[in-house]
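Me: I've got a protein sitting on some RNA and I'd like to talk through how the two meet. Here it is.

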Amino acid sequence: MTVRTRFAPSPTGFLHIGGARTALFSWAYAKKHKGQFVLRIEDTDVARSTPEAVQAIMDGMAWLGLDHDEGPFYQMQRMKNYQQHLEALLASGDAYYCYSSKAELDALREQQVKDGVKPKYDGKWRPEAGKVLPETPADIKPVIRFNNPKDGTVAWDDLVKGRIEISNNELDDVIIARGDGTPTYNFCVVVDDWEMGITQVIRGDDHVNNTPRQINMLNALGATVPQYAHLSMILGSDGQKLSKRHGAVSVMQYHEDGYLPEAVLNYLGRLGWSHGDDEVFDIQQFCEWFDLDHITPSAAQFNTEKLNWLNAHYIKNADLNDLSVDITKRLVGLGVTVQAEPPINNVLELYRERANNLNQLAADIAYFYSVPEANANEVEKHITAEIKPVMAVMAETLKSTSWTAEAIHEVIAAAVKENALKFPKVAMPLRVMLAGIAQSPSIDQVMVVLGKETVLNRMASYLK
RNA sequence: GUCCCCAUCGUCUAGAGGCCUAGGACACCUGGUUUUCAUCCAGGCAACAGGGGUUCGACUCCCCUUGGGGACACCA
């Protein structure tokens, strides 16, 4: 049987890091087994679903390169399918109408919480042998509940957590259609996973409790029960649950924050999954290696340092042209326009080694295209009255120096020797004059890339 | 409260009863390379939550405790 997995977000917000990992694992599993990956939008909560959120999710997946083979399917467009199965369930007695009002249910729940018992539907409208149902209220639009088996247990072998067994008396009769007739999540998933031929349901940990009900419904429907793999959640760096006000940011935020999708993918792939001691692997390698057997069942904390480290790796190894396109955009964001000279690729070759973030990289090289504003302390510290004459002589010599790193290095070396100075004594003021700060790659190389004219101009502005 | 899940260095993890004197990676510390910073290289610090079993032998299996997380909606 060909593997079919799915990612089924509800469009009520952006694609966050946890959702992205679920999508990645689902996607990779399909790729690994040469199967299909289905994208399904669970939008039956009309009040909270928005087209913007759909777009945000698609954007996030596109950025990560998680393409789907089928879909996106929208549940709101599949009402006929749900309706049909709803009727079948009603006809077979596996579902029934419940006329309990919301207020009634709320009161019941409140009482149960107060009594310290598990909140659960009391089964008032559940048809049972020999039971006389209450009079049907005329003013209530009934919901439809699934008639969950009363006895026995439901069990499945979770591909991540192992065997899980839940007794049916823990499960209440879940509402599968609202008063207005629209089916609810628990029913739509069941129908969709079945009709879409999903073979492995890979989803978040938070669905473990829904699984037994869904299996019961699948059985009532006479459907095939897929395999389930429940991924544990990703915690914030402080060990706390990721929430909207606490670190649950959109994956697109990582783009904005200067991360390469390759780095995020590699990081997410290694979070909760492992392949021996391997740490750095690209997406192709990940797809080849990926399996459900090596997923950690416990929750994992997000660690930005490690992401940064991977980001540095991927920046170093990025295609230079791709990198320059990205950095050029970020430079625009900083108000800096990249010019033909110096060629940005040369600049990047000089600087990419030392960056672990694209925004930082852009900021670091901005001085190649705009005159940097030097920190006053740095100027005072390095461009001293004693060194200025040395710089002036050097500037003069530089005018006729052939513009290679070697030649420039010799000029600096000569200045160092003639004035009996240490190398940094000369290199530092040069850095401040040219880059605005005292840290840079080899100063001779910086000068080569910067170009003779710019170097002379910037030096001159300090030596007036 | 009830049910379910989880538990190895600070963090991500390897580990499927003897290979474990518990391995790798990030972070951190030290040293080296370097023209500063960074990179890079070498080394170091650092963990099996606790208690019972099972076994000739438990990080690995079972139970309890503790701790953490999740679920309990006419949300998904």
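Me: What's the surface near RNA strand B like by class: how many nonpolar, polar and charged residues?
Reply: Keep in mind that this is a predicted model. Around RNA strand B there are 62 residues, and D45, G116, R178, R354 and S440 come nearest. Split by class, that surface has 20 nonpolar, 21 polar and 21 charged residues.

Me: Of the RNA strand B atoms that come within 4 Å of the protein, what share is sugar and phosphate?
Reply: One contact that fits here is the side chain of K161, with an N or O atom 2.9 Å from a sugar or linking oxygen of RNA strand B. Another is N209, where a side-chain N or O atom is 3.0 Å from a sugar or linking oxygen. Counting the strand's atoms within 4 Å of the protein, sugar and phosphate make up 68%.

Me: Which side chain has an N or O atom 2.6 Å from a base oxygen of RNA strand B?
Reply: Look among the elements that give two or more residues to the surface near RNA strand B, which include α17 (423-435) and α18 (443-450). The residue is in the second of these, α18 (443-450). The side chain 2.6 Å from that base oxygen belongs to D444.

Me: β7 is one of the elements at that surface. Which residue of β7 is the bridge partner of D157?
Reply: β6 (residues 153-158) and β7 run antiparallel, joined by 6 bridges. They form a hairpin, with 3 residues between them. Within that pairing, D157 is matched with R163.

Terms used: Residues are numbered from 1 along each chain as its sequence is written. Chains are lettered from A and ligands numbered from 1 in the order in which they are written. This is a predicted model: local features need pLDDT of at least 70, side-chain atom pairs count only at pLDDT 80 or more; totals for chains, interfaces and linings use all residues. Side-chain values use heavy atoms; hydrogens and water are left out. A residue is near a molecule or strand if one of its heavy atoms lies within 4 Å of it. A polar contact is a pair of N or O atoms within 3.5 Å; within protein, one must be able to donate a hydrogen and the other to accept it, and residues adjacent in sequence count only if both atoms are side-chain atoms. Helices (H or I, at least four residues) and strands (E, at least two) are DSSP runs, numbered from the N terminus. Ala, Val, Leu, Ile, Met, Phe, Trp, Tyr, Cys and Pro count as nonpolar, Asp, Glu, Lys and Arg as charged, and the others, Gly among them, as polar. Two strands pair if DSSP finds at least two bridges between them.
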